[in-house]
Amino acid sequence: MKILRHSDPGYPSFVKRLNRRAIPDPGVRDLVGEIISEVAAKGDAALLAFTKRFDGATLTAKQLFVSEEEFAAAEKAVTPATRRAVARTLKNIKAFAKHSLRKDWSFKNAEGATVGERFTPFDRVGVYVPGGKAPLVSTALMTAGFALAAGVPEIVGATPCGPDGTVNPAVLYALRKAGATEVIKVGGAQAIAGLALGTKSIRPVDMIVGPGNRFVVEAKRQLVGAVAIDLLPGPSEVLILADKTGNPDFIAADLLAQAEHAGDSVVGFLTDSKSLLDKVLKAVDRQILTLSRSKYIRDVLKGGTFVLHVKSIDEGIDIVNDFAPEHLSLICADEKKRLAQVKTAGAIYVGNDSPVAVGDFLAGPSHTLPTGGAGRSFSGLRADHFQRRTSIVKLDKAAVRKSLDVVNEFSRIEGLDAHGRSTAIRVENVG
């Protein structure tokens, strides 16, 4: 891992690079553009070819969708403990979503017009659940579960299948319990293209949500307009900022838990305490010996992890806001003051006893969060992402009359006399 202290010569330049922007890699952008074009032109045939190429599975068009028999087999295959875990997480998701769903409202403006907003669920949404080295059962819940809570009637899951053409049964069970009405066995940028553009077999969706690798994120970025998206949630990341009150064993455990995601995961630790830094590094070395995915973890520690001994917690806060982490663990004696200073984190876990894993699996907020610096511009997935916002305006004759002078003035300024006439005609010769 990269370890730097504020007195090291390379420290300032490294910290400067942590001020990130979510800008696509040109190579990824071009490849994803080619995949989207292929799906647009060839539809199902392109999806089947990419599934064979990237996932090693040979499917027919009829096998693109998970069958009811496969759903039934998945339900039989999961353990009672899995059923209980899924139920408890969905319960918390629904409770959390209830507080964030927007409600219709209206009031009368200064001219007496009734204005307001109406919120209705999207008709059909796609939720992407990554495959790869771990079955992300919790992601199925943390995406589809919020769509279900918002009242979306059609929820289409997309997740890559294995070489044998099957999907992990626990993922299928979670998707169905979270309201998925259909699931396609396709992953990657091709899945995003299929959902957004539609094919002979797949009806297009109105919105796509969910995390993924850089190819999935880039596909969502390129298809904005053809479809709505939630945010740009790429490879997972955590940043821990702690003063001397931090528990080194807990911090080490959280760093290792993040590194367990493997791939392009990012792990960062900032502290103004040299003593804590040294203790955390020793705890990492001890704990990694006990973990089953130590190979993946070591790869991330080597290539995607940085540890900084900062000058002060104030500097640490500045780095946090520049970095805009997906997950921030904040462990400081003056936590209320420091919490108020954080502006760009996707989710914040406060104190020694707030493991990120509880947020990932159970607490209630979605773990689908902005990464790669996108937290400057996006918030995490919420239930109200699945609501269309529509403004409503209703005037009577008195309100039109009171509005006319302003409409006429803007019509004059902008040279749009028909606008003024369309308003004036409603109150002329009315007696």
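## A walk through salt bridges, rings and a helix face

Select Asp-278 to start: Asp-278 is partly exposed, with a relative accessible area of 25%. Keep in mind as you click along that this is a predicted model.

**Stop 1: salt bridges across the sequence**

In general, side chains of opposite charge can pair when their charged atoms come close. How many salt bridges does the structure hold? There are 25 salt bridges in the structure, and this tour visits some of them.

Add Arg-5 to your selection. The side chains of Asp-278 and Arg-5 meet in a salt bridge, at 3.6 Å from N to O. Because Arg-5 belongs to strand E1 (residues 2-5) and Asp-278 to helix H11 (residues 274-287), the pair ties together parts that are 273 residues apart in sequence. Arg-5 is partly exposed, with a relative accessible area of 25%.

Now select Glu-117 and Arg-389. These two form a salt bridge whose closest N and O atoms are 3.0 Å apart. Glu-117 lies in strand E3 (residues 114-121) and Arg-389 in strand E14 (residues 387-394), so here too a pair ties together parts of the chain, 272 residues apart in sequence. Are the two partners buried or exposed? Glu-117 counts as buried at 17% relative accessibility, because buried means under 20%. Arg-389 is partly exposed, with a relative accessible area of 48%.

Go back to helix H11 and pick Arg-286, then add Asp-249. Their side chains meet in a salt bridge, 2.9 Å from N to O. This pair links distant parts of the chain: Arg-286 sits in helix H11 and Asp-249 in helix H10 (residues 248-259), 37 residues apart. Arg-286 is partly exposed, with a relative accessible area of 48%, and Asp-249 also counts as partly exposed, at 35% relative accessibility.

Next, show Arg-124, Glu-154, Glu-182 and Arg-203 together. Salt bridges that share partners join these four residues, Arg-124, Glu-154, Glu-182 and Arg-203, into one network.

**Stop 2: ring against ring**

Time to switch to aromatic side chains. The structure holds four aromatic pairs. Select Phe-50 and Phe-54, one of these pairs: the rings are stacked, with 5.8 Å centre to centre and 10° between the planes. Where do both residues lie? Phe-50 and Phe-54 are both in helix H3 (residues 44-55), four residues apart, which is about one turn of the helix. Colour by accessibility and you will find Phe-50 buried, with a relative accessible area of 8%, while Phe-54 counts as partly exposed at 39% relative accessibility.

Move on to Phe-306 and Phe-323. The ring centres are 5.6 Å apart and the planes stand at 70°, so this pair is edge-to-face. The pair links distant parts of the chain, with Phe-306 in strand E11 (residues 305-309) and Phe-323 in helix H13 (residues 313-323), 17 residues apart. Both Phe-306 and Phe-323 are buried. Add Phe-14 and you have one aromatic cluster, made up of Phe-14, Phe-306 and Phe-323.

**Stop 3: charges over rings**

Stay at Phe-323 and add Arg-20. The charged end of Arg-20 sits over the ring of Phe-323, 3.5 Å from its centre. For another view of this kind, select Phe-71 and Arg-176: Arg-176 lies over the face of Phe-71, at 3.8 Å from the ring centre.

**Stop 4: helix H12, one face and the other**

Turn the view to look down the axis of helix H12. Which residues of this helix are buried? In H12 (residues 294-303), Ile-297, Val-300 and Leu-301 are buried. Seen down the axis, the buried residues of H12 fall within an arc of 100°, so they line one face of the helix. Rotate to the other side of H12, where Lys-295, Lys-302 and Gly-303 are exposed.

**Stop 5: a surface patch and a loop**

Switch on the surface and select Val-406, Phe-410 and Ile-413. They form a nonpolar patch on the surface, with about 300 Å² of accessible area together. Phe-410 is found in helix H16 (residues 397-414).

The last selection is Val-227, in the loop between helix H9 (214-222) and strand E8 (228-229). Val-227 is buried, with a relative accessible area of 6%. Draw a distance from its C-alpha to that of Ala-49: Val-227 and Ala-49 are 23 Å apart in space and 178 residues apart in sequence.

How values were computed: Residues are numbered from 1 along each chain as its sequence is written. This is a predicted model: local features need pLDDT of at least 70, side-chain atom pairs count only at pLDDT 80 or more; totals for chains, interfaces and linings use all residues. Side-chain values use heavy atoms; hydrogens and water are left out. Rings of Phe, Tyr and Trp (its six-membered ring) pair if their centres lie within 6.5 Å; planes under 30 degrees apart count as stacked, over 60 as edge-to-face and the rest as tilted. Helices (H or I, at least four residues) and strands (E, at least two) are DSSP runs, numbered from the N terminus. Buried means under 20% relative accessible area, exposed over 50%, partly exposed in between (1.4 Å probe, protein chains only). A charge sits over a ring if NZ of Lys or CZ of Arg is within 6 Å of the ring centre and within 35 degrees of the ring normal. Patches are made of residues with over 30% relative accessible area and no salt bridge: like charges are joined within 9 Å, nonpolar side chains (Val, Leu, Ile, Met, Phe, Trp, Tyr) within 5 Å. Accessible areas come from the Shrake-Rupley method with a 1.4 Å probe; for residues, only the protein chains shown count as cover. The arc is that of the directions from the helix axis to the C-beta atoms.
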